[in-house]
Amino acid sequence: MKLVKLIANLGYGSRKEVTAMFREGRITNAQGEVLYTDDQVTHDQIRIDDEPLDPPSGLLIMLHKPIGYTCSTKDQGELIYDLLPPRFRLRSPIVANVGRLDRETSGLLLLTDDGVLLHRISSPKHKLAKVYEVTLARDMKGNEAVLFASGTLMLESEKEPLAPAQLTVINSRQARIIVTEGRYHQVRRMFAAVGNHVETLHRSQIGGLTLGDLLVAEWRILNDADRLKLFEQRLM
Ligand code: URA
């Protein structure tokens, strides 16, 4: 790929703006030698204002989403993209969130610019476990685990029953639930369907991947070992 396109696709500016950056001598190699638009150099060799380039496409990012942030590029209020470098919003292909967490849900959110990977993580066909920690407004009745595991629970205005989900009761108002789908407000609606109300919701795990020591509002780029972990745990 031509250098101008490569750099523009990473969100540094339009092709016109990036061409101007070349003219101004702001784009160099690792030795500080000025690069020209037709030069052949690898991604890791490029510097802009002496800084290495952002990572190439194929990014997979883990964000510890705080409560109060919306999974959108252009909504009112605080957005998950406000927590990432501003250039990430301008990349092509775009860095998109893999499924959504509600504004009032916290926890592990993945973002990627790889469409195939996005589908592999979010498609219910792949049965990748999504683990949520739930606190409830009312005591559980005792039949929730059996109903959620049955594969027959119908949510209001849906045509297909939910796939089986695994509920672990921690105490009468606290539970862990593992689902493989990502339907709209799914966990909140599951508990509404059994006459309860979710007070707090936190996603702690996707596949075999947990937040580890990532603090609220922090993010990091996932490496090959993380990717292996991600796909190592499915709900059968
Ligand atoms: N289920 C929900 O209800 N909300 C989320 O944010 C995620 C799963």
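The exercises below, each with a worked solution, concern a predicted model.

**Exercise 1. Establish which strands pair with β6, and in which sense each of them runs relative to β6.**

Begin with strand β4, residues 60–65, which pairs with β6 in the antiparallel sense over six bridges. Within this pairing, methionine 62 stands opposite leucine 110 of β6. Next take strand β5, residues 96–97, which is also antiparallel to β6 and is joined to it by two bridges; here alanine 96 stands opposite threonine 112 of β6. Finally turn to strand β10, residues 198–206, whose pairing with β6 is parallel and extends over three bridges, with serine 106 standing opposite histidine 202 of β10. As background to these steps, strands of a sheet pair through backbone hydrogen bonds, either parallel or antiparallel.

**Exercise 2. Determine how many of the eight residues of β6 are buried.**

Strand β6 spans residues 105–112, and eight of its eight residues are buried, so that the strand is mostly covered, where buried means under 20% relative accessible area. In a regular strand the side chains alternate between the two faces of the sheet.

**Exercise 3. Work out the strand order of the open three-stranded sheet, and identify its edge strands.**

The order of this open sheet is β1-β2-β3, with antiparallel pairing. Its edge strands are β1 (27–29) and β3 (51–52), each of which pairs on one side only. For the pairing of β2 with β3, note that strand β2 covers residues 46–48 and runs antiparallel to β3, with two bridges joining them. Arginine 47 has proline 52, in β3, as its bridge partner.

**Exercise 4. List the buried residues of helix α2, and name elements that cover them.**

Helix α2 comprises residues 15–23, and its buried residues are Val18, Ala20, Met21 and Phe22. The cover over these residues includes α1 (3–9) together with β1 and β2. Moving just past the end of α2, one arrives at glycine 25, which takes a positive phi of about 75 degrees.

**Exercise 5. Characterise the two aromatic pairs by geometry, position in the chain and burial.**

The structure holds two aromatic pairs. In one of them, phenylalanine 88 and tryptophan 219 meet edge-to-face, at 5.6 Å centre to centre and with 65 degrees between the planes. This pair links distant parts of the chain, since phenylalanine 88 belongs to the loop between β4 and β5 whereas tryptophan 219 belongs to strand β12 (residues 219–221), 131 residues apart. For burial, phenylalanine 88 counts as buried because its relative accessibility is 2%, while tryptophan 219, with a relative accessible area of 29%, is partly exposed.

The other pair consists of phenylalanine 148 and phenylalanine 191, again edge-to-face, with 5.2 Å centre to centre and 90 degrees between the planes. Here too distant parts of the chain are linked: phenylalanine 148 lies in helix α4 (residues 144–149) and phenylalanine 191 in helix α5 (residues 186–193), 43 residues apart. Phenylalanine 148 is buried, with a relative accessible area of 2%, and phenylalanine 191 counts as buried because its relative accessibility is 0%.

**Exercise 6. Find which arginines lie over the rings of phenylalanine 88 and phenylalanine 231.**

Over the face of phenylalanine 88 lies arginine 91, at 5.6 Å from the ring centre. Phenylalanine 88 is thus met again here, having already appeared in an aromatic pair with tryptophan 219. For phenylalanine 231, the residue sought is arginine 120, whose charged end sits over the ring, 3.7 Å from its centre.

Methods
Residues numbered from 1 in each chain as written. Predicted model: local features only at pLDDT ≥ 70, side-chain atom pairs only at ≥ 80, totals over all residues. Heavy atoms only, no water. Buried < 20%, exposed > 50% of the residue type's maximum accessible area, 1.4 Å probe, protein only. Helix = DSSP H or I, 4+ residues; strand = E, 2+ residues; numbered from the N terminus. Pairing = 2+ DSSP bridges. Contact = heavy atoms within 4.5 Å. Phe/Tyr/Trp six-rings, centres within 6.5 Å; stacked < 30°, edge-to-face > 60°. Lys NZ or Arg CZ within 6 Å of the ring centre and 35° of its normal.
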